[in-house]
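Biologist: Before I work with this model, I should like a close look at a single part of it. Please begin with the terms, choose one element, and then set it against the chain as a whole.

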Amino acid sequence: TNVCVTRCKFCNFYRPPGRPDGYTHSKEVLAKRLQETVDLGGVQILLQGGLNPDLPLAYYEDLFRWMKANFPLAIHGLSPEEIRYIAELENMSLRGVIERLAAAGLDSIPGGGAEILDDEIRERISPLKCSTETWLEVMRQGHALGLRTTATMVFGFGETAQHIFNHLEHLRALQDETAGFTAFICWPFQAEGTRLKLKDDTTAMRYLRVFALSRLYLDNFPNLQVSWPTMGPDVGQVALRFGGNDFGSAMIEENVVSQAGAVFKLSGDDIERYVREAGFIPRRRNMRYELLAARRA
């Protein structure tokens, strides 16, 4: 769904409730996309969307059970912000919501919605979004329940070096506590057409510096994923030499950063070629970074 109440200044994807161009995909639409993933040899689906007040917890439980019954795909779904909003709608604890989602089929939680984990920045760019502590608590509860998660950082909002340090320190400290993060991904703010104008350095050079810093600081994170969807595959290749060990997943469809000017898409074959050209051997993995058999032809 692109219906969302959060109204983040940096987002082109959302539509406020009641807008005619808001949507919630039907199971029929989703079935076509899920089957396409299976046909291409995919093993997992990344499922995120807006904070839609018309979609209660029961909606997601039904959706996940239907997905599991019909498609052999792991569900990497619902960012901490989405889980927080569902808990708010249902007047439930974060842990209670995650328990029910996991029972319905949720396999892991993506690290979306982190942006900069410093409330000074969050209150300026997305004042209706969850606090730093709430984002971290969703991940803490997920890890306690046995779910693995990823972590992200979006920079380029005019934050200082101290803000970036705070973000990395929050992640490193929680990883020391739980060891539940499998990977870290960062990328610069994509500003095209958003209400938040670009006033910061979001060049490839800064991306590579921040990426290398993240690899050094997050010494307890086993994996760092390069962000070719925002930076392009050529910069992604270079990032493999700046601390990255993961070129990410094939992209069949993407609806958020693409609406802010990032339009890169790669197939599985493309990814393997870029990895080889960078001097590395490509291996398939799942969200837990367990190695898988080679892709089907």
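Modeller: The helices named below are DSSP runs of H or I with at least four residues, the strands are runs of E with at least two, and both are numbered from the N terminus. The model is a predicted one. On this basis the chain has eleven helices and six strands. Its radius of gyration is 18 Å, close to the 19 Å that the globule rule gives for 297 residues, so the chain is as compact as a globular protein of that length. Along the principal axes, its C-alpha atoms fill a box of roughly 50 × 45 × 40 Å.

The part I have chosen is helix α3, which spans residues 80-90. How much of this helix is buried? Eight of the eleven residues of α3 are buried, and the helix is therefore largely enclosed by the rest of the structure. The buried residues are P80, E81, E82, I83, R84, Y85, I86 and A87. What covers them? The cover includes the helices α2 (57-70), α4 (94-104) and α6 (132-144), together with the strand β3 (106-109). Just after α3, the residue N91 takes a positive phi of about 55°.

Two other residues also have a positive phi. Most residues other than glycine have a negative phi. E115, which is not a glycine, has a positive phi of about 45°. This residue is found in the loop between β3 and α5 (119-125). E115 counts as buried because its relative accessibility is 7%, under the 20% cut-off. Y289, likewise a residue other than glycine, has a positive phi near 65°, and its place is in the segment after α11.

That segment after α11 (268-277) also holds R285. Leaving aside residues up to four places away in sequence, R285 touches Q225, D246, G248, S249, E290, L291 and L292. Of these contacts, S249 shows how sequence and space can part: R285 and S249 are 36 residues apart in sequence, yet their C-alpha atoms are 9.4 Å apart. For the chain as a whole, among contacts between residues at least 6 apart in sequence, 71% join residues at least 24 apart.

The cysteines deserve a word as well. A disulfide is a covalent bond between the sulfur atoms of two cysteines. The structure holds zero disulfides. Why is C4 not bonded to C8? The sulfur of C8 is the closest cysteine sulfur to that of C4, but at 6.4 Å it is too far for a bond. C186 is in no disulfide either, and its nearest cysteine sulfur, that of C8, is 19 Å away. Are these cysteines buried or exposed? C4 is buried, with a relative accessible area of 10%, and C186 is buried as well, with a relative accessible area of 0%.

To return to the whole, buried residues make up 53% of the 297 residues in the chain. The accessible surface comes to about 13,500 Å², and carbon and sulfur atoms account for 53% of that area. The chain carries 34 positive and 37 negative charges, whose mean positions are 3 Å apart.

Conventions:
Residues numbered from 1 in each chain as written. Predicted model: local features only at pLDDT ≥ 70, side-chain atom pairs only at ≥ 80, totals over all residues. Heavy atoms only, no water. Rg over C-alpha atoms; globule rule 2.2 N^0.38 Å. Buried < 20%, exposed > 50% of the residue type's maximum accessible area, 1.4 Å probe, protein only. Contact = heavy atoms within 4.5 Å. Areas by Shrake-Rupley, 256 points an atom, 1.4 Å probe, with all protein chains shown as cover. Lys, Arg positive; Asp, Glu negative; His and termini not counted. Charge placed at Lys NZ, Arg CZ, Asp CG, Glu CD. Disulfide = S-S within 2.5 Å.
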